[in-house]
Amino acid sequence: MKSTFLTAALAAFALQAPAQTATSTAAPRVPADQITTAKGPLTVQPITHGSVVLTWNGKTIYVDPYGGAAAYAGLAAPDVILITDIHPDHLDPQTLAGLSVGKALMVVPKAVAEKLPAQYKAQVRILSNGQKLDTLGMQVSAIPMYNLPEAPNAPHPKGRGNGYVLNLGGKNVYLSGDTEDTAEMRALKNIDVAFVCMNLPYTMDVNQAAQGVLAFKPGIVYPYHYRGQNGLSDVASFKKQVNAGNKKIDVRLRNWYLAAK
């Protein structure tokens, strides 16, 4: 009897052990948000820095997967991967190698396509600034992202990288990538959800970001990609400035750096 009990207990432990290991190695993350669309909820899962996972209508979208595969533990494998730029906090081959990306369509600018490992070439669709792609029930538009003033030696010259606007069930979602408050950003229309960067010296400060957001007036805005050379940007100040100019904009502060603590 004792032997039977011990055998059963060991079998139960063996079944539980993988789940315990997976949980212990996963990076911590903040709770996901849900936003209503005409085709069901859009789930917004912050990951780290400029990385976010969007789930909508049975599809999973990884944006700039970075920071190690453990940060994505427990999430569905991607159907679409959007990469904005060639810098390693956006194009991270080590993280890609640790993820189940075999079925994913990779939407990228040409500069990224040229640097992706050869194993992904068949999955790549190149979008240049101004181009659009309809796929899997969604529309993806490539938006210019660049530094001001424009200069050949800028960290992000115009035309190399992409911001993106996604249309998901009638909701327009803007992902800024690495940019400043350019004319193209300010001219955006009907943006329901925006992810806006603010990290000096690579993109813009919180004042520029706030003024850019006040110009295009998204319904919801998430500050993301807000770690710079001198630490984290003051996203609370960003929220204060935006809401001083427009109380209707829902500024959502989430900790994109939880895993780093």
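Gln45 has Val53 as its bridge partner in β3, a convenient way into this predicted model, where local features need pLDDT of at least 70, side-chain atom pairs count only at pLDDT 80 or more, and totals for chains, interfaces and linings use all residues. Residues are numbered from 1 along each chain as its sequence is written, and side-chain values use heavy atoms, with hydrogens and water left out. Helices (H or I, at least four residues) and strands (E, at least two) are DSSP runs, numbered from the N terminus.

β2 (residues 40-48) and β3 (residues 51-56) run antiparallel and are joined by 6 bridges. They make a hairpin with 2 residues between the strands, and there His49 takes a positive phi near 55 degrees. On the other pairing, β1 and β2 also run antiparallel, this time over 5 bridges, with Val44 in β2 as the bridge partner of Asp33. That pair is a hairpin too, again with 2 residues in between. As for cover, 7 of the 9 residues of β2 are buried, buried being under 20% relative accessible area, exposed over 50% and partly exposed in between (1.4 Å probe, protein chains only).

These strands belong to an open sheet of 7 strands with mixed pairing, in the order β1-β2-β3-β4-β5-β6-β7; two strands pair if DSSP finds at least two bridges between them. Its edges are β1 (33-37) and β7 (124-126), each of which pairs on one side only. Ignoring direction, neighbouring strands of the sheet are turned by 20 degrees against each other on average. At the β7 end, β6 (residues 105-108) pairs with β7 in the parallel sense over 3 bridges, and Val107 stands opposite Arg125 in β7.

There is another open sheet of 7 strands, also mixed, which reads β8-β9-β10-β11-β12-β13-β16. Here β8 (132-135) and β16 (250-251) are the edge strands, each pairing on one side only. Helix α5 (residues 206-216) packs on this sheet and touches β11 (171-175), β12 (193-196) and β13 (220-223), its direction making about 160 degrees with that of β12 (axes are lines fitted to C-alpha atoms, for helices over the stretch in contact, and angles run from 0 to 180 degrees between N-to-C directions). Back at the edge, β8 and β9 (residues 138-145) run antiparallel with 4 bridges, and Lys132 stands opposite Ser141 in β9.

So which residues of α5 are buried? They are Val206, Ala209, Ala210, Gly212, Val213 and Phe216. Seen down the axis of α5, they fall within an arc of 165 degrees, so they line one face of the helix; the arc is that of the directions from the helix axis to the C-beta atoms. Their cover includes β11, α4 (183-186), β12, β13 and α6 (235-245). At the start of α5, a side-chain oxygen of Asp205 comes to within 3.1 Å of the backbone nitrogen of Asn207. Lys217 follows the helix with a positive phi, near 55 degrees.

The largest nonpolar core has 51 residues, and Leu82, Leu166, Phe195, Val196 and Phe238 have the most contacts inside it. A core of this kind is a set of buried Ala, Val, Leu, Ile, Met, Phe, Trp, Tyr and Cys residues joined through side-chain atoms within 4.5 Å. α5 gives the most to this largest core, with 5 residues. Leaving aside neighbours within four places in sequence, the residues in contact with Leu82 include Ile61, Val107, Val140, Leu166 and Leu175, contact meaning heavy atoms within 4.5 Å. A second, separate core of 18 residues includes Ile47, Tyr62, Ile83 and Leu99.

Definitions and conventions:
A polar contact is a pair of N or O atoms within 3.5 Å; within protein, one must be able to donate a hydrogen and the other to accept it, and residues adjacent in sequence count only if both atoms are side-chain atoms.
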